[in-house]
Amino acid sequence: MIHKRNATITAVGGYVPDTILTNKMLESYVDTSDEWITSRTGIKERRILSDITLATSDMAAFAIKDLLHESGVDPKTIDCLILATSTPDHILAPAATLVCEKAGLTIAWGFDLNAACSGFLYALSVGASFIESNRYHKILVVGADQMSAIVNYEDRNTCVLFGDGAGAVLLESSSDGSGLIDNVFKVDGKGSSSLSVSGGGSLYPASLVTVADKKHFIQQDGKNVFKNAILGMTSTCSEIMERNQLDTAMIDWIIPHQANLRIIEAVSKHLDFPMDKVKVNIQKYGNTTAATIPLCLWDFKEDFKEGDKLLITAFGAGFTYGSTYLKWGKLHSKII
Ligand code: UT7
């Protein structure tokens with residue numbers, strides 16, 4: 001049987017900073033409690049990039065170095081880097097160029113892709129299309145965000161939710177049927193004001209006024225985002241299953257964006273999918289935006305077997321949302 005040329009994940013890497021910010025520690029910043037945060041979000045702690053000389057590009061480069069080290073892949077063979085991030089080091093230059101430099105990707109070109117918490121899934125699809133078209137052969141897809149750079153640690157509505165981290169995967173072609181099979185992606189611009197950092201862009205360039213108005217911090221209408229996240233992830237999972245003739249019993253794992261354990265549990269319930277097959281690591285890292293999904297792939301890669309069917313789903317600012325169906329392939333194992 002001849003299979004079409006698919007793009008499959010052949011290596012995974014990750015990085016989280018050493019500094020841990022626990023719920024207990026947050027109790028001294030704002031009026032909150034470990035009990036409230038745990039019961040309302042499932043988060044116990046998050047990682048913070050506390051070294052002020054480092055930024056998102058450094059975390060991305062660390063995740064790539066971990067991937068290259070674990071897989072034995074030569075950085076000089078990487079064709080392209082797609083960096084999903086909402087917190088690039090600077091507005092200009094693109095962070096992807098810094099990452100290529102820092103990770104030793106000497107022949108790669110690359111670019112940033114901003115689709116908030118859905119960024120990694122969108123980037124995975126773009127990277128896969130480069131492989132499927134036979135234009136490039138080794139694509140690194142990275143999700144990295146330093147959310148601590150845009151969080152207001154005086155706002156209890158948001159500061160308990162987010163953390164810093166980066167995850168990376170390598171895409172290569174497969175002919176065994178493994179790899180990315182399908183995506184259902186959507187945007188809904190009506191949601192744009194429900195989750196935003198409104199300052200520092202072209203509408204409100206940085207000024208004393210934008211700083212005084214706290215426009216450089218993340219603002220969220222939590223309830224509206226919560227409701228739409230459940231609807232968006234559930235509906236795109238259902239749509240992708242229907243058009244690929246899948247029922248829940250045929251899916252081995254769901255990897256959801258990690259924003260709130262209650263959102264994840266509600267999606268699992270609506271899909272009638274058991275929670276023991278839903279990957280969750282939000283308790284350790286909180287919401288790392290574009291990094292949550294690759295960090296899940298990194299944390300749980302030992303659980304995935306060749307041929308396993310994964311449903312990956314995300315929802316974020318924009319609104320951006322969607323689901324991807326892929327079959328897990330064979331990872332490189334380093335020859336020592
Ligand atoms: O990755 C992008 C997507 N982001 C998300 O998916 C986040 C979606 N939203 C959420 O996860 C939840 O809406 C939150 C965790 C942000 C909030 O949970 P909630 O159950 O929707 O709480 P709420 O906003 O309705 O607030 C309930 C109460 C309020 O107090 P009053 O008005 O009832 O007196 C809040 O002021 O909880 C209060 N509250 C807190 N209390 C202690 C809000 N944040 C905190 C806090 N500690 N950190």
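Okay, a word on domains before anything else: the bounds I'll use come from an automatic or database domain assignment. For this protein that assignment gives domain 1 (6–177) and domain 2 (180–327).

Some housekeeping. What you have up there is a predicted model, where local features need pLDDT of at least 70, side-chain atom pairs count only at pLDDT 80 or more, and totals for chains, interfaces and linings use all residues. Numbering starts from 1 along each chain as its sequence is written, and side-chain values use heavy atoms, with hydrogens and water left out.

So, the domains. Taken over C-alpha atoms, the centres of domain 1 and domain 2 are 14 Å apart. Domain 1 puts 54 residues into the contact and domain 2 puts in 46, where contact means heavy atoms within 4.5 Å. How much area is buried between the two domains? About 3,800 Å², with carbon and sulfur atoms giving 63% of that. Buried area here is the accessible area, with a 1.4 Å probe, that two parts lose on being put together, summed over both. On the domain 1 side, look at Cys117, Leu121 and Tyr122: they supply 18% of the area that domain 1 buries against domain 2, more than any other three residues.

Now salt bridges, meaning a side-chain nitrogen of Lys or Arg within 4 Å of a carboxyl oxygen of Asp or Glu. The rule finds zero across the interface of domain 1 and domain 2, while the count overall comes to twelve. One pair to click on is Lys138 with Glu172, whose closest N and O atoms are 3.2 Å apart. Lys138 sits in the loop between helix 5 (119–132) and strand 6 (139–146) and Glu172 in strand 7 (residues 164–174), so this pair ties together parts 34 residues apart in sequence. My helices (H or I, at least four residues) and strands (E, at least two) are DSSP runs, numbered from the N terminus.

On to a helix pair. Phe226, Ala229, Ile230 and Met233 are among the helix 8 residues that meet helix 9, where the partners include Ile263, Ala266 and Val267. By class, that contact has ten nonpolar, three polar and one charged residues; Ala, Val, Leu, Ile, Met, Phe, Trp, Tyr, Cys and Pro count as nonpolar, Asp, Glu, Lys and Arg as charged, and the others, Gly among them, as polar.

Last, some backbone oddities. A cis peptide bond joins Leu92 and Ala93, with omega about 0°, and Ala93 is in the loop between strand 4 (80–84) and helix 4 (95–103). Gly318 and Phe319 are also joined by a cis peptide bond, with omega about -5°. Then there's Lys214, not a glycine, yet with a positive phi of about 60°.
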